[in-house]
Amino acid sequence: LAHGAGGLLTHRLIEDIFRPAFAQSPEDLTHDGALVDVPSGQLAFTTDSYVVQPLFFPGGDIGSLAVNGAVNDLAMCGARPVCLSAGFVIEEGFPIRDLRRIAGSMQSAAQAAGVRLVTGDTKVVEHGKGDGVYINTSGIGAVVTPAPVSPAQVRPGDRIIVSGDIGRHGMAIMATRERLGFEPPIVSDCAPVMSPVLRLIEEVIPLHCLRDLTRGGLATALLEIAQTAGVAMLLEQSDIPVSPPVRGACEILGLDPLYVANEGRFAALVPPDAAVAALAVLRDFDPSAAIIGTVEEAGAVGSVALRTLGGSYALDLLACEQLPRIC
Amino acid sequence: MAAAPCLDAHAVQRIRLDVVGAVQGVGFRPFVYRLATEEGLAGFVRNTGAGVTLEVEGCAEALERFQVRLRGDIRPPARIQRLDRCSLEPVRQGGFAIQSSDADGAPSACVLPDLAMCEECRAEVFDPANRRYRYPFTTCTHCGPRYSIIEGIPYDRARTVMRHFAMCPACRAEYTDPASRRFHAETNACPDCGPQLALCDAGRNVLSTRGDALEGAATALSEGRIVALKGLGGFQLLVDARNEAAVARLRERKRRLAKPFAVMAGSIDQALAIAYVSEQEREALMSSAAPIVLLRARGDSPGQLAPGIAPGNPNIGLMQPATPLHGLLLEALGFPVVATSGNRSGEPMAADDAEAFARLAGIADLFLTHDRPIVNPADDSVMRRIAEDMTVLRCARGLAPLVLADPQQDAAVLALGGHMKNAVALGRDGEIVLGPHIGDLAYVESRTAFVHSIARMQQLYGAEAAVTACDTHPDYHTTRLAESGGAAVCAVQHHQAHILSAMAENGISGPVLGVAWDGTGFGADGTVWGGEFLEVEGSGYRRLAHFLPFRLPGGEAAVKEPRRTALGVLHGVYGSALWDSDALRPLLDFGPGEWSMLRSMIDRGVNASVTSSAGRLFDAVAAILKLCQHASFDGEAAMAVEFAAESAAGVHRLPRPVVVSDGEMRCIDWRPMLAEAADACMAGIPAGEIAAGFHHWLADAILEIAWHTGFQQVVLSGGCFQNALLTELAMARLQEAGFEVYRNIRVPPNDGGLAVGQAACAARRMNEVTG
Ligand SMILES: [Fe+3]
Ligand SMILES: [Mg+2]
Ligand SMILES: [Zn+2]
Ligand SMILES: [Zn+2]
């Protein structure tokens, strides 16, 4: 427990593990706060906590997740990340080796996204009072889009584009946690989405709305946008990219890939005349990116319909995915 | 029978009668006119928002005779529910008049369901000398569209879609002639002034009209093509029922794998050639509802029907022509046709022309349509004979809106029903009105129809509901909608609603033992219920007993794949020994990868909710007996078990139900029964005999719990009681032991009746609060 008392041992935790991993200039991580040069214009600010189990999974770990999560949230505001903070709640007895590994992957994720971790905090809790480690990340970004990016900008006719195939992160986590031996193993899509978003902005594509497809998956993200924006959406089932392993895993588990979480995927809503250009940009980063639907002129406000060969289904926000509604 | 004039002027009296019931659109005013003139009475009759008001004046004896005959001579579907009478001062004016409607007053007049063609109209349509010879829209005060064309009340031509058709002089003469069957027939029409047929291709091009359209459609059907026909409540898809290739094409285009199709027979003789029809079933077929009746197909008429109509199913859904249009078409064909709802599976049927062309474009080759709009769609109704009674399984065209007396109803309650087989109900003023079957609310189209149905019900009955009743399932569309509305929400547990639907229908208040068995419903403990024994009284319930819970690996996927449920149940019997058993494995059709994945799901509880469902127990038995491992439609597995049991040569008895008590709660352990069923199956005992044993075991379980709990009245409801064998076995045991048994007859026992139970619960809850 002594590691959290604020004394020499905490100092050693920071000196030994976090500073070597994160610090890019001698001042980083030396104070309780950091001084940051702020660009002029609008700032974006985000915070999120990560409690994922298992901590390590195919395609990432809690560290990369925490950094990418913050970076992606900033990107979804049309902002380029400037700096991040990281707070750790560590369970007593957690292997230093694992902590080092997590710190390492946080650093590589930050580097990949071009962002610095400038301040942080660690607390140690009694053994049995945490699941190894929890991480909170907060981030500041500089807004770089000429117009605001939000559900309020969504217009009828807008095309809905996904940045790549969906459902891999959620299935990878579940496979590892429940020891489901999928063959071949499903690898998480956990990745920063900064670069594709910046490229969209560079290519002067008018971005009406961006949303990362995290918890609740594609369906939940689009329903939230449709309800906030007061519009109806229509998706084509056959256009939604789902990799065969994810499709197969979802089928046997009885899950709907549209509701499975992602970590490196986002949806972009753009005006119809910009859709092809936007898709071309996104395909440079992931060839599975696709235009999957349209914001409708008519239709029930706040609804998302899924057109299939067997009819059009109305998607719902689900409170308890596991309870059947079929009688 | 003209009465003697009243000689004594002082004996003249005048009375006013306010009549409530099925009195609009059924020739009630002409009936009153005839009675009054025959009795030599003066006065008037008119429709009001609430029903019919009439005043008659004459001598006391004539008035007395009039009132007796008013009740005695009334002809169904007209029906008097309530009659309020008061005395007035005589006004001494001669003659009797039918006055135009009075639109004031709270609209509560009974809205009639659509009525199938009557005998008189049928005779006219087939009489070459009649001016309506071969006219497909012939109707009179006894028959024709009602609910499907009504835009408002009181029921008058001006408030129906018939307002688009001005009557010609001949029709107007009938309309104003008290001696005519068409006296004040609001749907009156003829070839000169009424709606007309058109035959169109899928591109909406009119190919022919009137008689030629009918002939064109008949020719196309004879050639095996698929015709979309605009019927009373919506579009139906028709195809030659003898033509296997045509039936297969319809299945493929409709994306309906194996679910049986209904068949329309042109005459009762044609029906008798296809199926065994009892007197009771014949009456149902010929009734004004003209429903689909589930009948035992004749095995001795090979070549009559294409095998693809109801694969592997000993029953056939038959119906009779509901309109002259259907009658003429079937007459021209001389053979039965498949008549299935114009939709893709699960969606409501298309009713609007534009919608039909859009939605059925890839399915129908031709469209036989007409210019009389359908404003309130209703699918075909379905009935089945269960335990001596014609039981409604789908309440729709010809039956809805269904009115049930419920004295507990006061302020308006809107009940939103379930998620699948949705139908809404409105409770108010001593009645619950059940609207027509809408369908599965997973579909966009159903949600649109659902919104329309709610608006129309509230408009027709003039009730802005202050309370919205719904299920307790947090993810039902109906629950979401109730919560987002402005009205107070009354959430009713699914199985309690099932039991209350039967209690309200039978007018009993409890306490009863409610046996609520169905596929799935949201339980009060957050698990999936479906094999429940509840004490129900007033607005309250208590869970008394249930089946031992088991796992559903894959949730909804398990509902579609009975083999998954079977694995969950077998795991309940054998525990982890199941995974290493070489004997049990071949019972279920799983690949090695699937087997190990499902093992992980069950062992670790991954998307494997826990259920006590009786319907799922049927699924498990269906899979273990190899009757159905993958279901392509709702209820397929349970039906397979029932059919196997019915046709079995004997009954393989299974160990008696084991009832385990835990304090107040009782649990029925099915494990010994299931272990024996699996053993017997492996030992080569015919599946049908084991299936029969399973039915007996279930009936025994009901009797056992009835004994344990000791309520005199037992109520059976839930989708499992669409099973005739189970219902009959359970009723026989209970009645023999002296219990009174109640169940749904007019209200569907499946989720189509939930709204009735929800409305009943909400009214009782309100009355209990206000004392
Ligand atoms: Fe149910
Ligand atoms: Mg976030
Ligand atoms: Zn008639
Ligand atoms: Zn006419």
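**Entry 1: chain A**

I began with the contacts of chain A in this predicted model, and among those with a separation of 6 or more, residues 24 or more positions apart account for 85%. I then counted the secondary structure elements, and chain A came out with 8 helices and 13 strands. For burial, I found that 50% of the 327 residues of chain A count as buried.

I next looked up the extent of chain A, and its C-alpha trace spans about 65 × 50 × 30 Å along the principal axes. I also wanted to know how the radius of gyration compares with that of a compact globule: for 327 residues the expected value is near 20 Å, and chain A has 21 Å, so the two agree.

**Entry 2: chain B**

I put the same kinds of query to chain B. Here I recorded 23 helices and 32 strands, and a C-alpha trace that spans about 95 × 65 × 50 Å along its principal axes. A compact globule of 771 residues would have a radius of gyration near 28 Å, and because chain B has 28 Å, I noted agreement here.

Buried residues make up 58% of the 771 residues in chain B. When I took the contacts in chain B between residues at least 6 apart in sequence, I found that 71% of them join residues at least 24 apart.

**Entry 3: domains of chain B**

I looked up the domain assignment of chain B, which gives domain 1 (9-98), domain 2 (197-370), domain 3 (389-505 + 751-770) and domain 4 (545-743). I noted that domain 3 is written as two stretches of sequence, 389-505 and 751-770.

For one pair, domain 2 and domain 4 of chain B, I looked up the separation of the C-alpha centres, which lie 36 Å apart. The contact between these two domains takes 5 residues from domain 2 of chain B and 4 residues from domain 4 of chain B. On the side of domain 2 that touches domain 4, I sorted the residues by class and found 3 nonpolar, 1 polar and 1 charged.

**Entry 4: where the chains meet**

I turned to the contact between the two chains, and there I listed 40 residues from chain B and 25 residues from chain A. On the side of chain B that touches chain A, at least two residues each come from helix H11 (444-460), strand E24 (512-522), helix H14 (556-560) and helix H17 (592-604). By class, the residues on that side of chain B divide into 14 nonpolar, 15 polar and 11 charged.

**Entry 5: the annotated positions**

I checked the UniProt record, an unreviewed entry, and under "active site" it lists B:Arg29 and B:Asn47. Although these positions are spread over 19 residues of sequence, they cluster in space, with a largest C-alpha distance of 7.9 Å.

I placed B:Arg29 in helix H1 of chain B, which covers residues 28-38, and B:Asn47 in strand E2 of chain B, which covers residues 42-47. I then asked myself: is B:Arg29 buried or exposed? With 23 other C-beta atoms within 10 Å, B:Arg29 is buried, since the cut-off for burial is 20 or more. B:Asn47 is buried as well, because 26 other C-beta atoms lie within 10 Å.

Last, I listed what B:Arg29 touches, leaving out residues up to four places away in sequence, and I found B:Val45, B:Asn47, B:Val52, B:Ile98 and B:His184. The other position listed in the record, B:Asn47, is thus one of the residues that B:Arg29 touches.

Key: Residues numbered from 1 in each chain as written. Chains lettered and ligands numbered in written order. Predicted model: local features only at pLDDT ≥ 70, side-chain atom pairs only at ≥ 80, totals over all residues. Helix = DSSP H or I, 4+ residues; strand = E, 2+ residues; numbered from the N terminus. Rg over C-alpha atoms; globule rule 2.2 N^0.38 Å. Buried ≥ 20, exposed ≤ 12 C-beta atoms within 10 Å, placed from the backbone. Contact = placed C-beta atoms within 7 Å. Nonpolar A, V, L, I, M, F, W, Y, C, P; charged D, E, K, R; others polar. Domains from an automatic or database assignment. UniProt positions renumbered as here; feature names shortened; annotations may be inferred.
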